[in-house]
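Please look through the sequence and the fold below before reading on. The text then goes through the strands, the helix and the pocket in turn.

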Amino acid sequence: MFPIKNYKYEIPQGNHLGAFGTIRKHDIHTGIDLYCEKDTPIYAIENGIIIAIEWFTGPSINIPWWNDTKAIAIKSKSGTLNYGELIPLESLQIGDTVKEGDLIGHVTPVLKQDKGKVPSTSMLHLEQYIHYNGKWIIWELNQPKPLNLINPTELLIIEKSKEDGQ
């Protein structure tokens, strides 16, 4: 299942700021940003088990140029999917089982102000890992892609095409 119902934008690829592997000011982008409105519901892509619910961005973890957001890591058949830049449902706990299509949270604004370069200040940031060791990966500038990190573009394209009936 695609994590956002009726998603209206293209999946960022290539040199797009929201694409996987895009070089940024402080690091290289470790996921894909799916732009949407504040409070957009986010759904589990696959069946899995919640293995982490942690702060993801913001002053709470010494990243003051963004707003405070959280992330949920769900171990599933495609590895571990990290759904970031959201507010998880309060009822969810580490160890809970989720099914494909279950509501897991709502997007919250990550950008402190509209920078005019992306469609929205709110987005789902999705990362994919082979194995998750309890920490989100930072892809340092001028370094090769971390071995544990997977580009989630193909997974999202497949799920979007299923949703679109193709």
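The paragraphs below start with the basis of the model and then move from element to element.

This is a predicted model, in which local features need pLDDT of at least 70 and side-chain atom pairs count only at pLDDT 80 or more, whereas totals for chains, interfaces and linings use all residues. Residues are numbered from 1 along each chain as its sequence is written, and side-chain values use heavy atoms, with hydrogens and water left out.

A convenient place to begin is strand β5, residues 79-88. Helices and strands here are DSSP runs, numbered from the N terminus (helices: H or I, at least four residues; strands: E, at least two). Nine of the ten residues of β5 are buried, where buried means under 20% relative accessible area, exposed means over 50%, and partly exposed lies in between (1.4 Å probe, protein chains only).

Which strands pair with β5? Two strands count as paired if DSSP finds at least two bridges between them. Strand β4 (residues 69-76) is antiparallel to β5, with seven bridges, and one residue pair in this pairing is Lys70 with Leu86. The two strands β4 and β5 form a hairpin, with two residues between them. Strand β8 (residues 122-129) also runs antiparallel to β5 and is joined to it by five bridges; here Gly84 stands opposite His125. Strand β7 (residues 103-107) pairs with β5 in the antiparallel sense over three bridges, and Ile87 has His106 of β7 as its bridge partner.

From β8 the path leads on to β1. These two strands pair in the antiparallel sense over five bridges, with Leu34 facing Leu124 of β8 as its bridge partner. In β1, five of its five residues are buried. In a regular strand the side chains alternate between the two faces of the sheet. For β1, both faces are covered: Ile32, Leu34 and Cys36 are buried on one side, and Asp33 and Tyr35 are buried on the other.

Next comes helix α1, residues 153-163, whose buried residues are Thr153, Leu155, Leu156, Glu159 and Lys160. Why do they lie on the same side of α1? They cover an arc of only 160° around the axis (taken from the directions from the helix axis to the C-beta atoms), which puts them on the same side of the helix. The buried residues of α1 pack against β1 (32-36), β5 and β8, contact being heavy atoms within 4.5 Å. The face turned away from the buried side carries the exposed residues Glu154 and Lys162. After α1 comes Gly165, which has a positive phi, near 75°.

The structure holds four salt bridges, a salt bridge being a side-chain nitrogen of Lys or Arg within 4 Å of a carboxyl oxygen of Asp or Glu. One of them joins Glu159 to Lys162, with the closest N and O atoms 3.2 Å apart. An α-helix has 3.6 residues a turn, so residues three or four places apart point the same way. Glu159 and Lys162 are three residues apart in α1, and are therefore separated by about one helical turn. Glu159 is buried, at a relative accessible area of 5%, while Lys162 is exposed, at 52% relative accessibility.

Lys160 takes part in a salt bridge with Glu163, where the closest N and O atoms are 3.3 Å apart. These two residues are likewise three apart in α1, so about one helical turn separates them. Lys160 also meets Asp164 in a salt bridge, at 3.2 Å from N to O. Lys160, Glu163 and Asp164 are thus linked in a network of salt bridges. Within this network Lys160 is buried, with a relative accessible area of 13%, Glu163 is partly exposed at 32%, and Asp164 is partly exposed at 41%.

The last feature is a pocket. On a 1 Å grid over the protein atoms alone, a pocket is an open set of points where a 1.4 Å probe fits, with protein on both sides within 12 Å along at least five of seven lines; lining residues have an atom within 4 Å of a point. The largest pocket has a volume of about 900 Å³, the volume being the space filled by probe spheres set on the points, which are joined across faces, edges and corners. Of the 31 residues that line it, Arg24, His26, Asp27, Trp65 and Trp66 are the closest to its centre. β1, β3 (48-57) and β8 each supply at least two residues of the lining.
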